[in-house]
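Biologist: Please examine the model below with me. I should like to ask about its confidence, its helices and its core.

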Amino acid sequence: MRPPAPLLPPPPPPPPPPPGGGPARPAGPQLRALHWKKVQPSGKGTLWSSLPKAPPIDEAALRELFTVKAAGGQKPTAAPAGGGAGGSAVKKEQQPALLDVKRSNQIQIALAKFKGRGILAAVLALDETVLKQDDIARLRECSPSAEEVEMLSPFGEDPRLKETVRWGPAESFLLDMAAVPRLSQRLACFLSKLTFEQRKKDAEAQVEAINKAVQCLRGSKTLPLLLALVLQVGNALNAGTPRGAAAGFTSEALGEVAEAKSADSTHRGVPLSPPQALGKLAETKSTVSDARPAQTSLLHYVARVAPAESSKQLRLELRDLEEAATLSSAGVAEELDGLCKELDALGSELSSPEYGGKGDGFVAALGSWRGAAAKKVEALRARVEGMLSGLQQLHAYWGEAYVASEAEALLSRVHSFAASFGKACRDNEREDHMRKKRAEAKAAAAKRAQAKGPSRPSQAGAAKPAARAQPAARSAMGNIQMSLKRGEFEDMKKLQSELQTKIQSRRTYTAGAHGGR
């Protein structure tokens, strides 16, 4: 029989167990604990004093089932005699962790996306072939904080201290990044370079769209004609009031034109003086007829009075207005200001003496680029100033005060008016089409009645054949269908109501007759 292996040197003694404690846990793998509260021995008469003898158990199988598994699904092995690699693994689990689990997982997930690329060398050299725009965002999220730099600095001075803690990829990454000079500023400047061209192109596209919109407004021939028509109609409605005899109106009134409705009411004037030049249209008495609809809007009236093809011409002349109506000149100016500030910050960083160490490519990567970028920004600045000047001149052309925060509001109002005018023209066309169909249906009915001619007198002695009775419901449904085809909706509703009344009367009569029996 082999002698037992010598035990490891005993650890520091644990705190004394509570009164009545059992024997200490034997050395070896850690077993799953069963948490309970022990009953103090109280002599005879209790359940525990009269328990029967328990059946034997297989302790080896019990340990196999309930040994606590380590990370990775492997069960920790018992410490070999004399201490060895296994003893170091058990000791490693007992070492303190520098980072909490959430922070460690965040860094390790970010590292997995780099797939083995040399992060430290790429950050030092600002290598665009390795670091992309999304990578910069991940690195900035995982950059070591001031507290983490202070915590990790002793481990950089004495690498042997890593053996005293749980040291992993996350801790190594933070220690490497802490050694990069001015990491946060470096990444911010590099991100400016990576995003500069796209941001500049977007700003230039917005400037170009707004300039085209201003030019198409200044060059339109149909829009002034429609504005003159609206002014004439408004002055006619406002005649004899302080709002009458207006020489013009502000663009804020354009949004009210489509909302001005006619209805059964007394005639009132329409405000045509700034700031809301066209208020709601006067409510006028109207009757239902083909020549005069029951209700219309001021914009529909203007669309009917305007020359033919006005809608098509206006749409062609203002085709460049749609894109600019959703843009913001203030947003373009803010983007330009942001680019200028980032280049100024880069200039300050380039003068810092902390850059230029071994493998540090900050100055080489961004020094010459900044000069070229500054020239592009100056060219963009000139274009933005030209755009703002064009908007100011457009407001002066309309006789309105220029407000920098609402410089593009005029474009949006005119675009909405043009879209509403086009819709009003289409509504009028549909109404004319329906009126024409109704007239054609009436003419066809009259022609059929004339073709039948006068009824012939019956021959003497000849029995007149009895006309075949037509069910009332079938005849009524035919009349309803004919009214629908002719577009006579009011007549159709009356016929439907009459048919429902007849059906209800028939049901009531039938129920009464059966009840009398």
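The exchange that follows takes these topics in turn.

Biologist: What average pLDDT does the protein chain have?

Modeller: The model is predicted, and confidence is therefore reported per residue on a scale from 0 to 100. Of the residues, 71% score at least 70. Residues 4–8 stay under 50, with 7 contacts beyond four places in sequence, and residues 78–90 also stay under 50, with 12 such contacts. The average pLDDT over the protein chain is 77.

Biologist: How many helices are there in the protein chain?

Modeller: The protein chain has 517 residues, of which 29% are buried. Among contacts between residues at least 6 apart in sequence, 70% join residues at least 24 apart. The count of strands is 0, and that of helices is 18.

Biologist: Which helix gives the most residues to the largest nonpolar core?

Modeller: The largest nonpolar core has 89 residues, and those with the most contacts inside it are Leu 131, Leu 411, Val 414 and Phe 421. One helix, spanning residues 183–219, gives 13 residues to this core, the most of any; it is α8.

Biologist: From which domains does this core draw at least three residues each?

Modeller: One contributing segment is 101–180. The other is made of 195–239, 249–261 and 296–447. The two are, respectively, domain 1 and domain 2.

Biologist: On which residue is the kink in α8 centred?

Modeller: Helix α8 has 37 residues and reaches 54 Å from its first C-alpha to its last, close to the 54 Å expected. The helix nevertheless has a kink of about 45 degrees, and the residue at its centre is Thr 195.

Biologist: Is Ser 251 buried or exposed?

Modeller: Ser 251 lies in the loop between α9 and α10. Leaving aside neighbours within four places in sequence, Ser 251 is in contact with Trp 398, Glu 400, Leu 410 and Arg 413. Because its relative accessibility is 0%, and the cut-off is under 20%, Ser 251 counts as buried.

Biologist: Which tryptophan is in contact with Val 414?

Modeller: Neighbours within four places in sequence are left aside here. The contacts of Val 414 then include Leu 217, Leu 223, Leu 254, Leu 318 and Leu 321. The tryptophan in contact with Val 414 is Trp 398.

Biologist: How far apart in space are Gly 331 and Gln 206, C-alpha to C-alpha?

Modeller: Gly 331 lies in helix α14 (residues 329–350) and is partly exposed, with a relative accessible area of 30%. Gly 331 and Gln 206 are 125 residues apart in sequence. Their C-alpha to C-alpha separation in space is 9.5 Å.

Key:
Residues are numbered from 1 along each chain as its sequence is written. This is a predicted model: local features need pLDDT of at least 70, side-chain atom pairs count only at pLDDT 80 or more; totals for chains, interfaces and linings use all residues. Side-chain values use heavy atoms; hydrogens and water are left out. A nonpolar core is a set of buried Ala, Val, Leu, Ile, Met, Phe, Trp, Tyr and Cys residues joined through side-chain atoms within 4.5 Å. Buried means under 20% relative accessible area, exposed over 50%, partly exposed in between (1.4 Å probe, protein chains only). Helices (H or I, at least four residues) and strands (E, at least two) are DSSP runs, numbered from the N terminus. Domain bounds come from an automatic or database domain assignment. Contact means heavy atoms within 4.5 Å. pLDDT is the predictor's confidence in each residue, from 0 to 100. The expected span of a helix is 1.5 Å times one less than its number of residues. The bend at a residue is the angle between axes fitted to the seven residues ending there and the seven starting there.
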